[in-house]
Amino acid sequence: MKIFAYCLREFDEKPMFDRLAGEFQAQYGYSTKYPCPDNVSLAVGYDAVSCTPCDMGADMLQRFHDEGVRYIATRSIGFDHIDLDKARQLGMGVCRVSYEPETVADYAIMLMLMCCRNMPHIINRSLLQDYSLKGKMGKDISDCTVGVVGTGQIGSTVIRHLSGFGCRLLAYDPCRDPKVAEKAEYVSLEELYAQSDIVTLHTPATAENYHMINGQALRQMRDGVILINTARGTLVDTETLIQGLESGKVGHAALDVLEDETGLYYANRMGDVIVNRQMAVLRSFPNVILSPHTAFYTEKVVWNMAYKTFQGVRDMMNGTKNPLIILQRKETDSDVLSLQQPPV
């Protein structure tokens, strides 16, 4: 088993890959760079490519396939950056990873608390030694109604942990979880928007929920609503959000993810001119928190991401069942590829 890892961080992931390569009796190579047409050739001779969210569209998959790569292992829960139709057409296996939902759930709650208590504004003023109280008054999250959109593993954990704060909890998900219903009231999406002081997003990125936070959604929300997004940037129409912040419709926004963030995060960009006008506008608001897609980032999670990358590639190559395999590549005796897509 030979894996080439792109975007591999030498300060945390590499020591884990060194250890896991021995445990799995595998070979690996790596680059700290994002995959691009200029460095596809680095993967020649490898069975699989491992990556973080990046451009894995049809062109890149075709290039890797032409170089002999047959498996794609993304070190992320989400896989919307991979063109699955193209992978299926090429007969390439695709897998993802999973990790403890508490990590992202607690990060989302931290962002809620920071917004409720005006922490970005307080911190910025304290750096200038302004310790006055005017303009710093916050509100108690216990007095808020929190609407959780998406009650999968992370969303349901948010609800479970928030239940200890005493706030009213609303939930929306096409598939209702009886355990969630014990702590939160399931309502329609429109009701959730209309009744929530805080709206937090915990859904995967799909064609159906692209820009689910749009002008119509904001008009349904309370004035001064707090919006939290630790899921995927494409859930929010950024231009509409900016307009909502300018008008005061949105009181605070805390975003760990952004639209068009590919190639932006996980690199030291100090001193660079970053060509992302929406990001620049959002950073100018004192009531906006932008964190660089770090909700997942704990030692335990990074280890799981590395381990499940090796495990996923091994299982794809061996034809072993694994719920993290999105597309399973199998060769018949006549060397004809067949793909299976198990439930995720």
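Begin by selecting strand 6 (residues 145–149) together with strand 9, which pair in the parallel sense over four bridges in this predicted model. Within that pairing, pick out Gly-147 and look across to strand 9, where its bridge partner is Val-199.

Keep strand 9 selected and turn to strand 10: strand 9 covers residues 198–201, strand 10 covers residues 225–229, and four bridges join these two parallel strands. Here the residue to label is Leu-201, whose bridge partner in strand 10 is Asn-229.

With strand 9 still on display, show its side chains. Which way do they point from the strand? Ile-198 and Thr-200 point one way, Val-199 and Leu-201 point the other way, and all of them are buried.

Now widen the selection to the whole sheet, in which seven strands are arranged in the order 8-7-6-9-10-11-12, with parallel pairing, and the sheet is open. At its edges stand strand 8 (185–186) and strand 12 (288–290), and because each has a single partner strand, one side of each is left without a neighbour in the sheet.

Next, add helix 10 (residues 238–247), which lies across strand 10, strand 11 (250–255) and strand 12, and which runs at about 140 degrees to strand 11.

Leave the sheet for a pair of helices, selecting helix 4 (residues 101–116) and helix 6 (residues 153–162). Two packed helices are described by the angle between their axes and the distance between those axes. For helix 4 and helix 6 the angle is about 55 degrees and the axes are 8 Å apart, which makes helix 4 oblique to helix 6. The crossing in which helix 4 passes helix 6 is right-handed. To see what makes the contact, select Pro-101, Glu-102, Val-104, Ala-105, Asp-106, Ile-109 and Met-112 on the helix 4 side, and Gln-153, Ile-154, Thr-157, Val-158, Arg-160, His-161 and Leu-162 on the helix 6 side. Coloured by residue class, the contact of helix 4 with helix 6 divides into eight nonpolar, three polar and three charged residues.

Finish on Leu-162, which is found in helix 6. Is this residue buried or exposed? Leu-162 has a relative accessible area of 0%, and is therefore buried. Setting aside its neighbours within four places in sequence, Leu-162 is in contact with Ile-109, Met-112, Ile-141, Val-146, Cys-167 and Leu-169; of these, Ile-109 and Met-112 are among the helix 4 residues that make the contact with helix 6. As a last distance to draw, the C-alpha atoms of Leu-162 and Phe-296 are separated by 19 Å, with the two residues 134 residues apart along the chain.

Terms used:
Residues are numbered from 1 along each chain as its sequence is written. This is a predicted model: local features need pLDDT of at least 70, side-chain atom pairs count only at pLDDT 80 or more; totals for chains, interfaces and linings use all residues. Side-chain values use heavy atoms; hydrogens and water are left out. Two strands pair if DSSP finds at least two bridges between them. Contact means heavy atoms within 4.5 Å. Axes are lines fitted to C-alpha atoms, for helices over the stretch in contact, and angles run from 0 to 180 degrees between N-to-C directions. Angles under 35 degrees count as roughly parallel, over 145 as roughly antiparallel, 65 to 115 as roughly perpendicular and the rest as oblique. A crossing is left-handed if the near helix is turned anticlockwise from the far one by less than a right angle, and right-handed if clockwise. Ala, Val, Leu, Ile, Met, Phe, Trp, Tyr, Cys and Pro count as nonpolar, Asp, Glu, Lys and Arg as charged, and the others, Gly among them, as polar. Buried means under 20% relative accessible area, exposed over 50%, partly exposed in between (1.4 Å probe, protein chains only).
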